[in-house]
Each structure stands twice: as C-alpha cells, then as structure tokens.
There are 2 protein chains.
Amino acid sequence: MKNGSKIGPAAPREAMPLRRGNKRAFAPPLLALALDRAAALPLQRQLYDQIRDVILAGRLPPGARLPSSRSLAQELGCSRNTVVTAFEDLLAEGYLEGHTGSGTYVSRVLPEALLGVAGKGGPEDDASGTDAAPAPGLSRRGLTLAGLKRSGYDEARPFLPSLPETADFPFDVWSRLLSRSWRAPAVAQLRHGRAGGHPPLRAAIAQYLRAVRGLDCRAEQVIITSGAQQALDLAARGLLDPGDEVWCEDPGYQGLRGPLIAAGARMRPVAVDADGLSLAAGLAAAPKARMAVVTPSHQYPLGVVMSLKRRLELLDWARGSGGWILEDDFDSEYRYSGRPLSALAGLEAGNRARRVVYVGSFSKVLFPSLRIGYLVAPPDLAEPLQRVRRALDDHPSAIVQPALAAFIEEGHFSAHVRRMRTLYGARQAALLAAASRHFDGLLEVAPDEAGLHLVARLAPQLAARMDDIEASRRAAAAGITAPPLSGYCQNRPDVAGLLLGYAAFSVEAIETAARRLAEALK
Amino acid sequence: MKNGSKIGPAAPREAMPLRRGNKRAFAPPLLALALDRAAALPLQRQLYDQIRDVILAGRLPPGARLPSSRSLAQELGCSRNTVVTAFEDLLAEGYLEGHTGSGTYVSRVLPEALLGVAGKGGPEDDASGTDAAPAPGLSRRGLTLAGLKRSGYDEARPFLPSLPETADFPFDVWSRLLSRSWRAPAVAQLRHGRAGGHPPLRAAIAQYLRAVRGLDCRAEQVIITSGAQQALDLAARGLLDPGDEVWCEDPGYQGLRGPLIAAGARMRPVAVDADGLSLAAGLAAAPKARMAVVTPSHQYPLGVVMSLKRRLELLDWARGSGGWILEDDFDSEYRYSGRPLSALAGLEAGNRARRVVYVGSFSKVLFPSLRIGYLVAPPDLAEPLQRVRRALDDHPSAIVQPALAAFIEEGHFSAHVRRMRTLYGARQAALLAAASRHFDGLLEVAPDEAGLHLVARLAPQLAARMDDIEASRRAAAAGITAPPLSGYCQNRPDVAGLLLGYAAFSVEAIETAARRLAEALK
C-alpha cells in the first residue's frame, strides 16, 4: 500500500526574513515523498531517507524551510511522532537546523564534503531504493560520517581552541624514555597485548585518578584507547544498540557525533544551563534514553560546572533506569582557581552497581598527536568491554605505552601539568586583559576557572549587526580563528558567541590577535 | 496482529548420534516464539532476537537441534526466507552452527564470555522487549561482540599460528629511530595530524606497494590504521550500511566478524575451493552482496591462491554491481618459492573506476604489538574515507610513524623481511620433515609456498576416531597449541584439520612439539 503525497506548494524562491541574524528561508519546491506501509523499513526511517536524499540531490537548497511536522504528518497520513523522529535524526546529523518555534530548515552550511561526495554519485532519485544501482562511493552511513564538521584541525593560529602549548614539552626526557623502552624489550612487550593495554600504564592511570580525581578504581578497570574518541566509540558500540537514544549536551562536543551516529544511536540534544545538563530536560527530550554523555567538571564548550544536585539526580536516573552515564573529563588537569572538583564517577565510590563510564585523554595535557586516552569502566563492565574491544580493534599499540607509564611514574607528567597550569593561567589573564582593552561593545568575555579557551558572547550591539557565524567569518578573514558557539549547538538560538583558545599562544600573540579581532568586528 | 506458535515437541534430552564426530543433538524444549506483524521491526529480526534470547537464557542448550527452516516457517506462518535469513545471521555470529543437509544446532562451544555476561543480566524473558527494563551490562550488539572468539592470543608455544619470530628484530636500530624522531620534533609532528597519517610513512608504503605488490598507488591513497583490524572497521562503516550483505571466505579470518557485525552487515559465508572464492558461489549465497572480503594472494587459513580467472570475474562483478572488493593481503611478505603474485588490486592499474580496497599490516612482519596497518583506497575514495576516519577516530598516533617511515626508507624493513624469509623457510622445512617422521596416519601436511603456518588435515584413520575440535583439545592437554580448522568455518563440514604455526619456534622446538602432538593424537 503506497500512500503518496506532494508536500508544500510550488513557491517562488522568495527571501523571507527570519528573526535570527542573516538567516533566510525558502519555501520548499515540490517534493514527492511517499511512505510505504508494507515495507520492512520503519516509516520514520523511510521519511528520514527520503528527506536526506532530497537534500543531497540539491532539490531542497541550504536554508530552505521545511513544512511543520504537524502539516507534513497530515499530508503523509502518518503520526506526527514519525515526522518528529525523522526530523530529530536529521537535526542531530547536521542536515537540518531548527529552533523551537521558528521552524526547521535545511542546514545553511551543508558540509562541503557531503555535497562534493553526493555530487559524485550520491542518491539521485526518489526511489526508496534498496534495489537501485548502488552509488559508486561511500554508503549512506559513510556519507553522513564524511559530512560531519570538526573544528580544531585548522592552522595553529590564535585563537584556535583545544590546542595546548607544545614548545615546553620535555622532549629530551620523552625521547630517552621511548628509546629505553625499546632497546631490549621483553618478549611479552612484542606480542599480542591485552585488550585493556599495558598493565603498568593502566596502573599509573588508576593511581593518578584515585589521587587527583577522586575515583575509586583499580588498574583492571582502565582500558587504554586511541584518544578519548576511541573510548566513545567503544562505549557506543558496546553499550548501545541501533535506535537507542542518547542525551547529549547542547551546546556540546562535536566529536561525539561520529561514534554515536556510526553506532546507529539517536542523539537527543539537551540544553545546558548554568548548572549543566538537567535530568528533567533530558527526560523531556527523550524519556527512554539509554545513555547520557556529559562533561560535568567543565562543560564543553560553555565551561559551566554541573551542580551536585544535578549529579546526584543523574546517578539516580542511571541506577533506576539501567542507563549509562558517559563522563568525558576532557580537561580536568587545567584548573586555575577554585576547589578542584571530584569527577562524577567519584560519587559512585563504594557503590556496588556503578553506572558511570569515565573517559579521559592525554592529548590536551601532553600533545595532540600522541592520541592516547582511556576509559574507566565500572568493575562489572571492565572485562566485557575489553572483549568488545578485542573483537573490534584487538589491543592498543605497545609503542608508547611503556614510555608513557614511566613518564607518569617518574613524576614528569605531574611536573609538566604544574608548569603548564602556571603558563595557561597567565595566558588566560592576558586574554582577559586584552578583552577589556579591545572588546567593549563587541564581545563579552568572562573568566573561567579551568580549561584552554574562553567563551566570548556577542555583545548586544554586535549581535544586532551579525550572528556568530558572520563574526567568525570576519575573524577568519583577518587571520584569526574563532569558531562560532552556534557551531556546537543543535537547538540553542539563545547561544551565540566565539570560542577563543589561548593555551598555545604567547601573551604578545594574544594581545595582537585580540586587537585584530576587534578591528574585524567593528 | 499476533501470530503465536509453539515450536518443537517437548522431548527428553536424548542423545542423538550425528554423522559428524562426537556431535550430539537434543530435541528443543517448548519454545514460545511469536511474530508481531504490526511491529516496526522486520519479522526476520524479531525471529533472530527471540532465538538469540532463548539461547542466551539457556533454554536452548548448546548442541540443541533447531527445527528445519521449512517447518518453523510453517508453524510461524511466515515465509521460509524469513527463517533462513534469521538463521544465517545467527550462524554468522556464532550462536548456531549447521551444515547443509544435517540441520542447524545451537553452537556446542558457546563462547564463555557470552554465557557469563548473559548470566549477569542478559535478556531473561520472552518479551520481545523494547520496553523491558534494560539489562545492566552490554547492549545486544555489545554482547554479540564480546562473545566472538579470537584465537592467536594464547600462550606463545608451538604451534601458535600468526606469531612471527620477534627475537631477531633489530631493536637497536628501532630504539635509535624512535629516539631520533622525538628528540626535537617539528611542531607539526605534535599537533593534530592528518586523518590519513604521517605523509612520509604513507609515501614509503606507497612506494613499497608499487615495487613489490604491483599496486598503482600514490601516497594520498594510503590511510594509516591501527592494524588491519581498524582498516576493516573503517571500510565496514564507510562503505556498508546496516543490512548490507558481505561475502566472506569460508573458512576465513575470524577477525572480520567484529567490525562487520558491529557495522550491522550480514556476513554470508562463501565456500573457498582450490582456486579461492568463486563469483558463482558468492552470487548463489547472496546475489545482492555489497562487498567481498578476500585473501587472494594466500587464502587465510587454507593457503590457496585465487586464480586469475576468479580475480577477473570478481573485478567484473564489482564494476558491474558497484560492489567493493576488500583485499586483505595479510602475509604477502612471506613467500618462499613460486612466482610472487601481484595483488588483486594491482590488476586495476590504469582503470578509471576502481573497486578494490587494499589492506595490509606490519604486525606479522615486524612484531604484533606494533599495531600498524594501512588501507589503500581507490583514488576517488581516498579523501571521503579519510573524512569518515576523522569523524570516527581523528587520526593515527604520531608516535611510531616517523620512526617506521625511516625504518622503511633506510632499508631496515627490506633487510628484516629477507632475513625472516630465510628463517621461516627453514622452519617450514623443519615442520614438514618432522611431520613426515611423526604424523603418519594422523595428520596430512602439505607444503605451502607462503605464510607462517601449515594446514594439517586429519588423516582418514584419525578422522574416524575424532573431529578436529577433539584433536585440538588433546593437543592442548599435551601443551601444544593447534587451533581446529573448523573454528574458522561457518558451513564447511568437509574441512577438518589443525593449524600449525611454525614461524616463532626454533627447529628443535618444532621437532619436539611435533613428536608430542603425534603422541597426543595416537
């Protein structure tokens, strides 16, 4: 039984001013969408596929406004929930953007990769298409993944966020430790390793986390990964099934999307307020979520700290529902003032059934190309997750693990963190001082007790002239990297600003760049 | 509309001798299976889920025989194809085992991990269960992955296959190169790297493959991965969608299962004969496959070489259908006699639209804990696949890449391969000599022009007494590792034997172990 329907009247491509910045919406062209109730594919997935194909084929241009979920459901004769679910998936994957009350649009900045690849052989016709000739390129999942934008890989110039200072790293010590660990290695170091990694490194990390982050953990719970990214990927595939819903902070870490989308999970953005992510907002967004991914110590990118009340509520939810909390403690090492907070996972000390999977990384503390992170699993989950890892990726490379273990054990790690903390504290102060000199009426920058970047909100005078995407574009034209906050958002029209990373740049470079940024925005 | 059905009469657990070895089948207990045609989940998936749950809950014990697909389809009122597809997925994932004409059984050796984990909180009831309280542990996908068996991680004793000799590796050179590359690294070496890896290493690999494997490739096509395993994982997620069918060699490489199952692909075993995998057999098994994973140079584990006719047929299929060929050239470096064959990917030289994704690894050539492999993508696919990799896993660690590039460029790699080829050639000869002395009437061992192991088929006299699982068990009891060939099979009752790895063991150790193995089997 086919139930075809044409949606949206054929309308001229008239520009309709919207309430936000320079955004324009176009009425959609005639689109033939049709749901097949006899097909095995769920209706929401059929709708998702068809809208996605229409976008990839360019028949719905960037900025085009979609019909409301209510009217589309009516025209297609399906439940509104079917349409909402399809929209949510397309929003999460970056095909659509939208804001409560102001409609849903094709993303203005469709990743070039997506368009480029689709142009070379993406889905080009309306057929729901399991039998259509396969496109000579990536799969649909591959196309989605290839189209995800990631910032942080641009030229290393001010104010690229998430880049640590690498000039002061003790490479003499580092190269000596690498050489020492490979001059006459034990045979065990050369053979297939344990899925969790090199035991001395796991022990060193467990000891560090017990002492510094309040975690009650043993070496056996630590799984060494290729950066925090692989830890997320492992958790997504080991703990989630396709279709499972996941609460993600909005705004939040862009790198989540790849592993979660690849795992078939449905990302459900949950607005972050001054106390972090709230359980109530999560339950409203997706009452049956299986996982919450949070950055409680220092929210990424806003920098807020999750309140104790919120932490306890979240733990209660996880225990009661059997859900998982994935705690990304991404830059806990760099806290300049205030009480160092224990990790959320630390609140579970002594509990029998634990629900927090803790993730950390050395990339921002040592240097990004190191690509070593770790996952700390609850005791019951450590062995099963290592089996999952064995099936997917065997075990981590042994090359750096003995040297990194020695680097921690011999005190070089702590010493480096202390040195960098002083350096970064001074650089944040320099950025704040430069901001007070140059940003008046343009950007409002508040100090942050932690991290490697500051959030600069658009001042009302600037926000009246441009949105943060335009501000970021003008900065780039002046040789300044300053990613727009809205690029980290799914559904937060109230959040606009620029991310200003300061860790990798000298006090002089920070002053010069701040002045140029101000000129560019005037 | 619920269509419930009880299957199989309640029967006592009587042992029913089967035609193969010591295998026993039990009539299944009463099982309540029910398909819900109103549900969004396809019927075959519902059936898959329910049979899987019944096995995990222990209500169908290992060895239990399932009803025929025909009778089960009749009882459930669904198409036979629905049942066959569910069975095929369960076979591919190791829950069931079966052979054409002799029925389908619950796997005798259900991975302990699976049972252990399931016992701690796996699905315990009949509810098809999207609303049931979630199990406090891995997801269903996670459980499946955790349950996959992998050999090769056992104690390093004869005849563990796939283990190279590590004692003769030039660690003085290696530690010097590591130290040199990290004493005063360029800033670019410390920052976020390219998704494809360190350019000099990619260039060194491309040059090697052009010279030695006949590949027409440039550095830009090479993507450095964490072992061949991550290359498979990347190809599975970038080139396949959930539900896509993949031809896999039977017998074949066990490590395929993790990435393919995690990607939601359906593995379709295709019997390998003396000329390798045949297109006709593939088309018969799954006419709409999207990918073929093959080891044409030296089939794993049988060692046969894919004929030129088969190679050309497979390339024609890929071009015509838009399918992909994933060529795992896993131990091409070790060929002791005969003409060194070009890679299958080499046959595409000069073609515009290429369909072969080539995968290689350094783990068996240098040492297993290195965990460095690579994927060579067709030119059009290289950039999109790197974007997929960026979304999933950023980029490979920089730690070993400069040193490995220098190791290759300065000739140490070629020199090591030459030394090892001589050593392994002598060790294979030693194993063949020991076999001719000790294995008469027990095992039939043929020489192999390549690789790190030999296949020992059970002699008729031994096969009359035991199957290869029992033979492997007796070997293990005598301190000898010799994995059963049937452990690499999905649907090959005709394949029985032991894998005998010789590369990592001295001539003396090989002789002693062969004698003890013979005694254990007598």
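**Exercise 1. Find how chain B relates to chain A in this predicted model.**

Step 1. Superpose the two copies: chain B can be laid on chain A with an RMSD of 0.1 Å.

Step 2. Read off the movement that does this, a turn of 180° with a shift of 0.0 Å along the axis.

Step 3. Name the symmetry: this is the relation of a two-fold axis.

Step 4. Look for the residue of chain B that comes closest to the rotation axis. That residue is B:Ser179, whose C-alpha lies at 2.5 Å.

**Exercise 2. Explain why the copies meet through the same surface.**

Compare the interface residues of the two chains. Of those in chain B, 98% are also interface residues in chain A, so the copies meet through the same surface.

**Exercise 3. Work out the order of strands 15, 16 and 17 in their open sheet in chain B.**

Step 1. Start at the edges. Strand 15 (443-445) and strand 17 (497-501) of chain B each pair on one side only.

Step 2. Place the remaining strand, which gives the order 15-16-17 with antiparallel pairing. From one strand to the next, the twist averages 30°.

Step 3. Now follow one pairing in detail. Five bridges join strand 16 (residues 453-458) of chain B to strand 17 of chain B in the antiparallel sense. In one of these strands, strand 17, B:Gly501 is the bridge partner of B:His453.

**Exercise 4. Which strands does helix 16 of chain B lie across?**

Find residues 468-477 of chain B, which form helix 16. This helix lies across strand 16 and strand 17 of chain B, and runs at about 40° to strand 17.

Technical notes. Residues are numbered from 1 along each chain as its sequence is written. Chains are lettered from A and ligands numbered from 1 in the order in which they are written. This is a predicted model: local features need pLDDT of at least 70, side-chain atom pairs count only at pLDDT 80 or more; totals for chains, interfaces and linings use all residues. Side-chain values use heavy atoms; hydrogens and water are left out. Two strands pair if DSSP finds at least two bridges between them. Helices (H or I, at least four residues) and strands (E, at least two) are DSSP runs, numbered from the N terminus. Axes are lines fitted to C-alpha atoms, for helices over the stretch in contact, and angles run from 0 to 180 degrees between N-to-C directions. Contact means heavy atoms within 4.5 Å. Copies are superposed by least squares on the C-alpha atoms of residues with pLDDT of at least 70 in both.
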